[in-house]
Amino acid sequence: MSLSIRNQLPGTVTAVTWGEAMATVRVRLTGGQDLTAAITREAAQDLRLAPGTPVLALMKSTEVSLATAPIEGLSIRNQFPGRITGLTAGEAMASVRVTVEGGELTAAITRDAAEELALMPGTPVVALIKATEVSLTTA
């Protein structure tokens, strides 16, 4: 199956916390970072998620935000330091490629934001992804 989702990172489930309607799933990515996904309980059960389950974490590029420095006191669970390796700007939007430990992420942000942050290849950034914006799939 082919997907239009740009960001696909492999990893292994390390923990599942079951809630009434939702589950939080901790994933150790192949690059060594930990990622948290908040998915429905039903989806976690359908995927038979448990520690040791190999998964692919999927995040749309429109759900990846960028900061030019680490941010503390923020509820966004997934914060990946990296460096910009490519930037393509159009009239309204920019596509920014960020190399992180063990992989690459693409963020779709406004051109204005890219200009205001002075983003360019080589710029260190932190990619921010809310746990509710992470989808999981199994092989």
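Visitor: Is T53 buried or exposed?
Guide: In this predicted model, T53 has a relative accessibility of 14% and therefore counts as buried, since the cut-off for that class is under 20%.

Visitor: Where is T53 found, in terms of helices and strands?
Guide: T53 belongs to the loop that runs between helix 1, residues 41–46, and strand 4, residues 54–59.

Visitor: And what does T53 touch?
Guide: Leaving aside residues up to four places away in sequence, T53 is in contact with G11, T12, V13, R48 and T138. There is also a polar atom of the T53 side chain that lies 2.8 Å from the backbone oxygen of A50.

Visitor: Let's go to the sheet, then. What is the order of its strands?
Guide: The open sheet is formed by five strands in the order 3-2-1-4-10, and their pairing is antiparallel. Its edge strands are strand 3, residues 34–40, and strand 10, residues 135–137, each of which pairs on one side only.

Visitor: By how many degrees are neighbouring strands turned against each other?
Guide: On average the angle between neighbouring strands of this sheet is 45°, with direction ignored.

Visitor: How many bridges are there between strand 4 and strand 10?
Guide: Strand 4 and strand 10 are paired over three bridges, in the antiparallel sense. As one position to look at in the structure, A57 stands opposite L136 in strand 10.

Visitor: What do strands of a sheet pair through, in general?
Guide: They pair through backbone hydrogen bonds, and the arrangement can be either parallel or antiparallel.

Visitor: Changing topic, how many salt bridges does a search of the whole structure find?
Guide: The search finds four salt bridges. Among them is one between the side chains of R111 and E115, with an N to O distance of 2.8 Å.

Visitor: How far apart are R111 and E115 in helix 2?
Guide: They are four residues apart in helix 2, which covers residues 111–116, so about one helical turn separates them. R111, at 28% relative accessibility, counts as partly exposed, and E115, at 48%, also falls in the partly exposed class.

Visitor: Which residues are joined into one network by salt bridges that share partners?
Guide: The network joins R26, R28 and D34. D34 forms a salt bridge with R28 in which the closest N and O atoms are 2.6 Å apart, and the side chain of D34 also meets that of R26 in a salt bridge, at 3.6 Å from N to O.

Visitor: What about accessibility there, say for D34?
Guide: D34 has a relative accessibility of 30% and so counts as partly exposed. R26 is likewise partly exposed, at 34%, and R28 is partly exposed at 41%.

Visitor: One more residue: where is I71 found?
Guide: I71 sits in the loop between strand 5, residues 65–67, and strand 6, residues 78–89. Its relative accessible area is 33%, so I71 is partly exposed.

Visitor: Which residues does I71 touch?
Guide: Not counting residues up to four places away in sequence, I71 touches Q79 and L128.

Visitor: And how far is I71 from V126, in sequence and in space?
Guide: I71 and V126 are 55 residues apart in sequence, while their C-alpha atoms are 8.5 Å apart in space.

Notes: Residues are numbered from 1 along each chain as its sequence is written. This is a predicted model: local features need pLDDT of at least 70, side-chain atom pairs count only at pLDDT 80 or more; totals for chains, interfaces and linings use all residues. Side-chain values use heavy atoms; hydrogens and water are left out. Helices (H or I, at least four residues) and strands (E, at least two) are DSSP runs, numbered from the N terminus. Buried means under 20% relative accessible area, exposed over 50%, partly exposed in between (1.4 Å probe, protein chains only). A polar contact is a pair of N or O atoms within 3.5 Å; within protein, one must be able to donate a hydrogen and the other to accept it, and residues adjacent in sequence count only if both atoms are side-chain atoms. Contact means heavy atoms within 4.5 Å. Two strands pair if DSSP finds at least two bridges between them. Axes are lines fitted to C-alpha atoms, for helices over the stretch in contact, and angles run from 0 to 180 degrees between N-to-C directions.
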